[in-house]
Amino acid sequence: MNSLASNIQAIRTLNNQTKVHPLPFIRGEGGVRGWSLVSVFLGRDWLAAPVSWQVAFVCVFLAISGLSAFAQDWPRFLGPTGDNISTETNLLEKWPAAGLPLVWEKGVGAGYAAPSVLGKYLVLHHRVKAEEVVEALEAESGKSLWHYGYPSSFVDPFGYNNGPRCTPLLISNRCYTCGAEGKLLCLALDTGKLIWQRDTAKDWDVPEPFFGVGSTPLLEGNKLIVMVGGQPNSGVVALDALTGKTLWENVGKTNWDGIRAIGWPGEAPYHWTGQEKLASYSSPIAATIHGRRHLLCLTRQGLVSVNPTNGAVNFSRWFQCRINESVNATGPVVWDDLVLISGAYYRIGAVLLRVKPDGKSFEEVWRSPKQTLERNAAGDVVEPVLEAHWSTPILHNGFLYAFSGRNEPDASFRCLEFETGQVKWSRDERWRPHSAAQPPVYGRGSLVLAGGKLLVLGEGGKLGLFALNPEKAEEISSWQAPQLHYPCWAGPVLARKKLYLRSEDKLVCFDLSRQ
């Protein structure tokens with residue numbers, strides 16, 4: 001009975017957090033337009049039913065599904081709720097002395113895209129020779145189920161690998177992917193058959209990005225939201241998720257021309273030239289603030305809030321380095337009416353904004369640094385409290401846990417008080433670039449919150465477990481995954497008590513269940 005109560009509470013918690021259906025792994029056919037009878041029965045009305053009904057249904061559901069405790073899929077970038085947080089229970093409390101139990105491992109092609117998991121399917125997007133390949137594997141065994149390949153000639157201009165950067169997006173019957181050259185696909189999840197495709201580089205006027213296309217699309221209702229980065233006003237585009245047809249496009253010259261260039265010398269109004277790169281390596285998120293739905297997109301120029309219904313811009317906040325060779329890569333973090341954005345290039349730092357009740361304006365809560373070369377009373381240059389590069393921080397109980405630093409010699413793992421920006425603790429994770437395939441530190445790591453603990457993947461494959469402790473960095477366990485090596489820049493994926501990790505050439509699955 002205690003286990004059943006835990007399951008019910010987990011469902012309630014997830015439903016309250018996400019305001020969407022809490023059990024995506026039993027979605028019925030119909031994709032974004034329909035639910036099965038079971039899904040309807042498990043909707044919000046079910047949570048008001050008598051406890052005896054809830055217990056009876058959970059008993060039947062668990063018996064049918066074979067699940068011994070609440071389990072989740074990881075069907076999209078940053079997990080089921082888009083914040084790197086999982087509600088899975090009965091996970092390992094510490095790492096075994098011999099390391100995590102290996103379920104399977106598989107050699108893969110190049111890329112920085114994390115896999116996604118829905119039901120029996122794990123989908124990976126990778127570069128194999130001269131093709132970008134979308135491949136579905138059996139999540140439990142790693143067995144290949146289907147693949148869809150298409151030619152790619154992408155070469156990273158800075159010498160990084162040439163594979164896809166965007167994470168697959170899975171729903172009950174479809175799989176959406178976006179390649180390094182901007183080829184956007186919709187495939188049937190069960191067969192890999194092509195349903196529709198768009199070539200964003202040809203359909204829009206997109207300046208060549210620095211490192212290829214790296215912003216993962218978002219599903220919002222029946223709209224697929226894509227940060228295309230097209231000139232002059234196609235920075236963000238909404239497509240019909242069923243057909244791929246363009247529904248609206250906006251963001252660019254319309255909202256950035258004439259805006260105050262915060263942090264630039266003199267902070268004069270910005271003059272749009274038409275040559276700007278608009279896309280970033282941050283992915284859009286959706287949030288409800290003061291009863292309004294917002295699409296929050298950290299583009300190359302800064303943060304923009306867009307109305308998902310029609311693409312109208314609610315507000316914009318400049319957040320771009322003065323140095324051209326720079327990007328925004330981490331996602332916005334939202335808590336109630338607060339929105340945090342951060343970057344790692346040339347001391348751009350972080351800023352916390354509070355969205356006003358009208359949904360059209362905001363105020364600055366704190367900014368670090370206050371000016372690019374802010375100095376303290378002693379005359380020393382002030383260190384930004386946060387310089388998040390590509391790993392989106394995790395917010396828990398008013399405290400932010402994050403990796404900070406642009407390069408290997410800058411890396412740290414730290415905790416901030418969200419509303420004040422005060423650094424509670426900072427742990428040194430610096431290392432000399434390319435000095436080891438498996439460095440002894442986490443470097444610029446990635447995070448997942450599950451089972452009341454922080455699971456950390458270092459960029460060299462070191463796997464850590466930390467307590468959620470805002471007073472000190474409390475490492476419970478650490479272990480080097482022998483199969484992995486630098487660079488492990490794709491975030492960890494936790495689905496049904498299995499942990500999926502990838503490097504540039506290897507995908508591994510570990511068992512994280514507590515026996």
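**A four-stranded sheet, a nonpolar core and the empty spaces**

Good morning. Let me begin with a pair of strands: S19, residues 338-343, runs antiparallel to S20, and 6 bridges join the two. Please keep in mind throughout that this is a predicted model.

Within this pair, Val339 has Leu353 of S20 as its bridge partner. The two strands form a hairpin with 5 residues between them. In that turn, Tyr346 has a positive phi of about 50 degrees.

S20 also pairs on its other flank with S21, residues 362-368. Here again the strands are antiparallel and 6 bridges join them. Leu353, which we have just met as the partner of Val339, stands opposite Glu364 in S21. S20 and S21 make a hairpin as well, with 6 residues between the strands, and Gly359 there takes a positive phi near 70 degrees.

Before S19 comes the short strand S18, residues 333-335. Antiparallel to S19, S18 is joined to that strand by 3 bridges, and Val333 stands opposite Leu340 in S19.

We can now assemble the sheet. It is open, has 4 strands in the order S18-S19-S20-S21, and its pairing is antiparallel. S18 and S21 stand at the edges with a single partner strand each, so one side of each is left without a neighbour in the sheet. On average, neighbouring strands of the sheet are turned by 20 degrees against each other, direction ignored. As general background, strands of a sheet pair through backbone hydrogen bonds, either parallel or antiparallel.

Is S20 largely enclosed or left open by the rest of the structure? S20 covers residues 349-355, and 6 of its 7 residues are buried, so the strand is largely enclosed by the rest of the structure. The cut-off for buried is under 20% relative accessible area.

I turn next to the largest nonpolar core, which has 35 residues. Those touching the most other members are Trp95, Leu100, Leu122, Leu463, Tyr500 and Leu512. Several strands each supply at least two residues of this core, among them S3 (121-128), S28 (462-467) and S31 (498-502). Which strand gives the most? That is S32, with 4 residues. More generally, in soluble globular proteins, nonpolar side chains tend to be buried together.

S31 also holds Arg502. At 2% relative accessibility, this arginine counts as buried, because the limit is 20%. Arg502 and Gln483 are 19 residues apart along the chain, and their C-alpha atoms are separated by 9.3 Å.

Finally, the empty spaces. The second largest pocket has a volume of about 990 Å³. Its lining has 46 residues, and Tyr112, Ala329, His389, Trp390 and Trp489 lie nearest the centre. By character, the lining divides into 22 nonpolar, 16 polar and 8 charged residues.

There are also 2 cavities of 30 Å³ or more. About 40 Å³ of space lies in the second largest cavity. Among the residues lining this cavity are Glu387, Phe403, Arg444 and Gly445. The lining of the second largest cavity divides into 3 nonpolar, 5 polar and 2 charged residues. His389 and Trp390 deserve a second look: both line this cavity, and both are named among the residues nearest the centre of the second largest pocket.

To close, I would ask you to take away the open sheet in the order S18-S19-S20-S21 and the core to which S32 gives the most residues. Thank you.

Definitions and conventions:
Residues numbered from 1 in each chain as written. Predicted model: local features only at pLDDT ≥ 70, side-chain atom pairs only at ≥ 80, totals over all residues. Heavy atoms only, no water. Buried < 20%, exposed > 50% of the residue type's maximum accessible area, 1.4 Å probe, protein only. Pairing = 2+ DSSP bridges. 1 Å grid on protein atoms, 1.4 Å probe; cavity = no way out; pocket = protein on both sides within 12 Å on 5 of 7 lines; lining within 4 Å. Points joined across faces, edges and corners; volume = space filled by probe spheres on them. Nonpolar A, V, L, I, M, F, W, Y, C, P; charged D, E, K, R; others polar. Axes fitted to C-alpha atoms, helices over the stretch in contact; angles between N-to-C directions. Core = buried A, V, L, I, M, F, W, Y, C linked by side-chain atoms within 4.5 Å.
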